[in-house]
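Colleague: I am new to this structure and would be glad of a close look at a single part of it. Could you choose one residue, say where it sits, and then work outwards to what surrounds it?

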Amino acid sequence: MGIFFILSDEERRVRDLVKNALGSDDTLYAFPDEPFYQFDHVKLYNLDIRTRPDAVTYPKTPEQVAAIVRAAAKAGLAVQAKSGGHSYCNFSSPDRGIVVDLRNMKRFSMNTETWRATVGGGMLLGELDECLYSPHNRAVAHGGHATIGGLGPSSRLFGMALDHVEEVEVVVADGQILRASETQHKDLFWALKGAGASFGIITEFVLRTEEAPGETVQYKYSFTSGSWARMADVFKSWQRFIANPNLTSKFATTATITTLGLAISGTFYGSNDEFAQLSLKPDFPLRETGSKTTVRQNWLDVLTHEAEQVALKLGGGIPAHAYTKTLTFNGSKNNLLDDPGVDELFSYIEHADKGTLIWFLIFDLAGGKTNTVPMEATAYAHRDALYYLQSYAISDKLITGVSETTKKFLAGVNEVIVNHMKADGVYTDYGAYPGYVDLELGTEAQKLYWRENLTELERIKAIYDPGEVFRNPQSVRPAVAKGRIATNDVKL
Ligand SMILES: Cc1cc2nc3c(=O)[nH]c(=O)nc-3n(C[C@H](O)[C@H](O)[C@H](O)COP(=O)(O)OP(=O)(O)OC[C@H]3O[C@@H](n4cnc5c(N)ncnc54)[C@H](O)[C@@H]3O)c2cc1C
């Protein structure tokens, strides 16, 4: 006996539209009546957020992308590009909309005079690294997506992924295929560098590349035994160390707190000798604690290591019931948590009910080259953050969602920090990294993601996409629609 999947009238209408746009080659699209459609084509990353797009498309050319966008615009459907598919809220799979999966758009070429690489919009980070490094000894900053930010260990050295973008080919809401750069469609280019999903589908990036670093040192120190108060002291020292305004941008560092304890890890883009000199500074936290280690093979260290890989590397993004939250510590002044604040935070971590064993609080040092770019140079709005907190939890019950207890725990971490700083009158300006999307931010989301650049983004949205063809639950709204439609009222 076969299994039949029946399309609704609306789904049939979308199927006809897509087929009209792309023709008879059925490798270019899939519809919900296909067996295993959700599993084989939609492939949601966050199993807690269920969406069911009306079609998943696999265009091979910018013209095909343009045809899909034109058809969707005419029918009033949402369209979103999909690259790695690791949006924490599945924004690349719009409910009742069309997915433009860019997996067939991975061309690559290198200009060996300018060292600018031309890269298809569907190229994944690992693939890009290989194309750049193996034949050319070149590199770009790692992590995240170049239309959002793209923060990784080498961002202090090279800038974010989006700081490498010098030109793009982009399909906009009316189906035009445009080139955008500092000299062509400058305002659109500005918006695409930080809020790309709201403005179009980038089918090609032209990237500035850097000579790949030579010797690098990767380090990790785990504090998996001892009291939470002791870990708080290590964290205080770590904060003091990263607050040094002269800290070399070759040094990347992360403090990760998990069920197992605290780990300080990162990469130094220089020689081992240079690194040794750096760590010999008297205020280096690991010297103070005397617990400097290399990665060990005991079970706890292995677990901590693996857990970090899952959280920090896109390759580890296995579908899961997940929830993430961020806090960007913006502001030009000293925006660290003071020592009593750190004690309060660690006491909260020790005593709060977490609802799961799989949770991470990841404090990532930002700054370096990323923060030398002026805030108004791109839509990305966190150039003044010294560090970011990314918190992340996965349900350990496998088939059930992230519990309210877990969400409350992560929200509580942010609250403890913000309330303490506010009470001290130290600092009141916080934001959220738009790569770690969080539906719980509600109507505040856009303001937290794009801060003072939001008004300009809304103006540009009204020019290029007034009908909100490119939309997700937290996309930029066009200036004209503000006040008329509440942020979360958009039909997706
Ligand atoms: C396990 C894990 C690790 C992470 N680590 C990091 C990290 O180290 N650094 C960091 O900065 N972020 C990190 N993130 C967050 C990451 O930045 C976002 O999840 C990002 O959206 C992933 O990009 P993607 O292509 O995989 O996602 P997708 O889901 O494919 O896309 C995400 C959003 O970008 C839009 N988009 C994708 N491609 C295009 C395009 N060509 N044109 C226009 N819009 C496009 C989509 O429509 C969607 O709205 C991590 C996320 C996960 C799940």
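Modeller: Let us begin with Glu167, which lies in strand 8, and keep in mind throughout that the model is a predicted one. Glu167 has a relative accessible area of 17% and therefore counts as buried, since the limit for that class is under 20%. Its side chain makes a polar contact with the side chain of Arg179, at 2.9 Å. Once its neighbours within four places in sequence are left aside, Glu167 is in contact with Arg116, Arg179, Ala180, Ser181, Gln184, Phe189, Glu204, Phe205 and Val206.

To place these partners, it helps to turn to the sheet. Strand 8 belongs to an open sheet of five strands, paired in the antiparallel sense and arranged in the order 5-6-10-8-9. Strand 5 (108-111) and strand 9 (177-181) form the edges, and because each of them has a single partner strand, one side of each is left without a neighbour in the sheet. From one strand to the next, the twist averages 15°.

At the strand 5 edge, the pairing with strand 6 (residues 116-120) is antiparallel and extends over four bridges, and within it Met110 stands opposite Ala117 of strand 6. The loop between strand 5 and strand 6 holds Trp115, a residue that has a positive phi of about 55° although it is not a glycine. Most residues other than glycine have a negative phi, which is the reason for pausing here. With a relative accessible area of 27%, Trp115 is partly exposed.

Two helices meet the sheet on strands that include strand 8. Helix 3 (residues 62-75) packs on the sheet and touches strand 8 (165-171), strand 9 and strand 10 (201-208), with a direction that makes about 55° with that of strand 8. Helix 6 (residues 186-195) lies across strand 8, strand 9 and strand 10, and runs at about 100° to strand 8.

The residue that follows Glu167 in numbering, Val168, leads into the nonpolar interior. The largest nonpolar core has 56 residues, and those touching the most other members are Val168, Val170, Leu188, Phe199 and Leu457. Helix 6 supplies the largest share of this core, with six residues. If residues up to four places away in sequence are not counted, Val168 touches Leu178, Arg179, Ala180, Phe189, Leu192, Ile202, Glu204 and Phe205; Arg179, Ala180, Phe189, Glu204 and Phe205 are also among the contacts of Glu167. Another core lies apart from this one and has 47 residues, among them Tyr219, Leu247, Phe409 and Val416.

Beyond the sheet, there is also a ligand in the model, surrounded by 31 residues, of which the closest are Ala81, Ser83, Ser92, Leu151 and Tyr433. A backbone N or O atom of Ala81 lies 2.6 Å from an oxygen atom of the ligand, while a polar backbone atom of Leu151 is 2.6 Å from a ligand nitrogen atom. A backbone N or O atom of Gly144 lies 3.4 Å from a nitrogen atom of the ligand.

Finally, a second positive phi, near 50°, is found at Arg96, which is likewise a residue other than glycine. Arg96 sits in the loop between strand 3 (78-82) and strand 4 (97-101), and with 30% relative accessibility it counts as partly exposed.

Key. Residues numbered from 1 in each chain as written. Predicted model: local features only at pLDDT ≥ 70, side-chain atom pairs only at ≥ 80, totals over all residues. Heavy atoms only, no water. Pairing = 2+ DSSP bridges. Axes fitted to C-alpha atoms, helices over the stretch in contact; angles between N-to-C directions. Contact = heavy atoms within 4.5 Å. Core = buried A, V, L, I, M, F, W, Y, C linked by side-chain atoms within 4.5 Å. Buried < 20%, exposed > 50% of the residue type's maximum accessible area, 1.4 Å probe, protein only. Near = heavy atom within 4 Å. Polar contact = N/O pair within 3.5 Å; in protein donor to acceptor, adjacent residues only side chain to side chain.
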